[in-house]
Each structure stands twice: as C-alpha cells, then as structure tokens.
Amino acid sequence: MTGAVLTVTELSVRFGGLLANNEISMLLPAQSISAIVGPNGAGKTTLFNAITGAIRATSGRIDFGDVDITNMSATARGRLGIARTFQNLSLVEDLSAVDNITVGLGRFRRSGLLSAMLSLPRSLRTDCATRRLRA
Ligand SMILES: Nc1ncnc2c1ncn2[C@@H]1O[C@H](COP(=O)(O)OP(=O)(O)OP(=O)(O)O)[C@@H](O)[C@H]1O
Ligand SMILES: [Mg+2]
C-alpha cells in the first residue's frame with residue numbers, strides 16, 4: 001500500500017516493431033491533479049489506453065489503489081471509478097454538452113432500458129440522481 005491512487009510499474013506497450021511505451025513507472029498521489037506532456041507520438045494516448053483498458057499492456061503492472069487492474073477489462077476498471085475522455089471526442093451530435101456528459105454517468109444508473117422507456121418511478125428517480133451528480 002503506497003497511498004497512491006494509481007501506480008504504474010514498468011509498463012510497456014509494443015505495436016509490432018514499435019515500442020510506444022517503454023517501461024514507464026509513475027505514481028499519482030491522492031487528492032492531486034497530474035498531467036502527462038510530451039511531443040506528438042511520444043506515447044501519451046497509448047499510456048492512457050493501457051491504464052483504462054482500451055488496449056492491453058505488453059508487460060508491466062497497473063494498480064488502482066490496492067487493486068491490481070493490469071488484466072481487468074475496461075468495463076471493470078470503469079466500475080472501480082476510472083473514467084476518461086478520448087482524443088477524438090466522438091460526441092453525440094444531437095445531444096447538448098450537458099447530456100453528452102450525462103452519457104458518461106450511465107454506470108450510476110440503477111434502472112434499465114424498459115424502465116426508462118415507460119418512465120417508471122425508478123427511472124425518474126435515477127434521472128434526478130444523475131442531474132444532481134452532474135450539477
Ligand atoms: N494502434 C496502434 N497501432 C500501431 N501503432 C500505434 C497504435 N497507436 C499508436 N501507435 C504508435 O505509437 C506511437 C505513440 O502514439 P500515441 O498516439 O500514443 O502518441 P501521443 O503521445 O498520444 O501523440 P499525440 O501528441 O500526437 O496525440 C506513435 O508512433 C503511433 O504511431
Ligand atoms: Mg495522443
């Protein structure tokens with residue numbers, strides 16, 4: 001236990017002959033804001049992809065708090081609270097900016113599709129809770 005929110009240990013990502021991330025180690029302390037900077041092609045997006053599970057690391061280890069997430073799916077990492085945006089934003093054009101953000105809060109919903117279509121109380125309660133989260 002390091003007290004870090006995220007601990008990356010000797011993480012490498014290889015695309016065929018190209019080593020995009022070469023044994024990266026870093027530690028993000030709790031209650032902090034950190035940034036990764038580097039020139040085009042340095043491997044920043046690759047690192048984010050590996051941390052969030054969009055791609056698998058070739059080697060190394062990633063811990064989120066006390067949990068080894070190295071081999072977890074992106075969905076499982078999301079359930080633990082890891083969230084991201086993408087470099088190509090892929091926004092839903094018909095939705096407002098606020099509703100686009102709300103899409104990302106889907107994992108907090110406690111009601112399903114049918115409940116939403118029928119506007120059942122459970123779904124309406126979830127809508128209210130989501131609005132409070134994004135407020
Ligand atoms: N899916 C992939 N397959 C093969 N090569 C890839 C893949 N994704 C990234 N690369 C290569 O890995 C290297 C790192 O790319 P990456 O997109 O991580 O860089 P970046 O730091 O995010 O760059 P930028 O500042 O332009 O966003 C580049 O040489 C890129 O061409
Ligand atoms: Mg990038």
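# Exercises on a predicted model

Gln31 belongs to the loop that runs between strand 2 (18-29) and helix 1. The structure used in these exercises is a predicted model.

**Exercise 1. Determine whether Gln31 and Glu10 are buried, partly exposed or exposed.**

Solution.
- Step 1. Recall the cut-offs: a residue is buried if 20 or more other C-beta atoms lie within 10 Å of its own, exposed if 12 or fewer, and partly exposed in between.
- Step 2. Gln31 has 5 C-beta neighbours inside 10 Å, and therefore counts as exposed.
- Step 3. Glu10 is a residue of strand 1. Because 13 other C-beta atoms lie within 10 Å of Glu10, this residue is partly exposed.
- Step 4. Consider the backbone as well. Neither residue is a glycine, yet phi is positive in both: about 60 degrees for Gln31 and near 45 degrees for Glu10.

**Exercise 2. State the order of the strands in the open sheet and identify its edge strands.**

Solution.
- Step 1. Begin with strand 1 and strand 3 (residues 59-64), which are joined by five bridges in the antiparallel sense. In this pair, Ser12 is found opposite Ser59 of strand 3.
- Step 2. Proceed to strand 4 (residues 67-68), which is antiparallel to strand 3 and linked to it by two bridges. Asp63 faces Asp68 of strand 4, and Phe64 has Val67 as its bridge partner.
- Step 3. Examine the connection. Two residues separate strand 3 from strand 4 in a hairpin, and Gly65 in the turn has a positive phi of about 60 degrees.
- Step 4. Assemble the result: the open sheet has four strands in the order 2-1-3-4, and the pairing is antiparallel. Strand 2 and strand 4 each pair on one side only and are the edge strands.

**Exercise 3. Which residues make up the largest nonpolar core, and which elements each supply at least two of them?**

Solution.
- Step 1. Start from the general principle. Nonpolar side chains tend to be buried together in soluble globular proteins.
- Step 2. List the members. The largest nonpolar core has nine residues: Val8, Leu11, Val13, Leu47, Ala50, Ile51, Ala57, Ile62 and Ile69. Strand 1 (4-15) and helix 1 (44-52) are the elements that each supply at least two residues of the core.
- Step 3. Inspect one member. Beyond its neighbours within four places in sequence, Val8 makes contact with Ile24, Ser25, Met26, Ile51 and Ile62.
- Step 4. Turn to the helix. The buried residues of helix 1 include Leu47, Ala50 and Ile51, and the buried residues of this helix pack against strand 1, strand 2 and strand 3. After helix 1 comes Gly53, with a positive phi near 95 degrees.

**Exercise 4. Which element gives the most residues to the shell around ligand 1, and how many are nonpolar, polar and charged?**

Solution.
- Step 1. Write down the shell. Ligand 1 is surrounded by Phe15, Leu18, Ala20, Gly38, Asn40, Gly41, Ala42, Gly43, Lys44, Thr45, Thr46 and Gln87.
- Step 2. Assign the residues to elements. Strand 2 and helix 1 are the elements that give two or more residues to this shell. Helix 1 gives the most, namely three residues.
- Step 3. Classify the residues. Four are nonpolar, seven are polar and one is charged.

**Exercise 5. State the bounds of the two domains and how far apart their C-alpha centres lie.**

Solution.
- Step 1. Domain 1 covers residues 4-80, and domain 2 covers residues 97-134.
- Step 2. The C-alpha centres of domain 1 and domain 2 are 30 Å apart.

Conventions:
Residues numbered from 1 in each chain as written. Chains lettered and ligands numbered in written order. Predicted model: local features only at pLDDT ≥ 70, side-chain atom pairs only at ≥ 80, totals over all residues. Core = buried A, V, L, I, M, F, W, Y, C linked by C-beta atoms within 7 Å. Contact = placed C-beta atoms within 7 Å. Domains from an automatic or database assignment. Near = placed C-beta within 6 Å. Nonpolar A, V, L, I, M, F, W, Y, C, P; charged D, E, K, R; others polar. Pairing = 2+ DSSP bridges.
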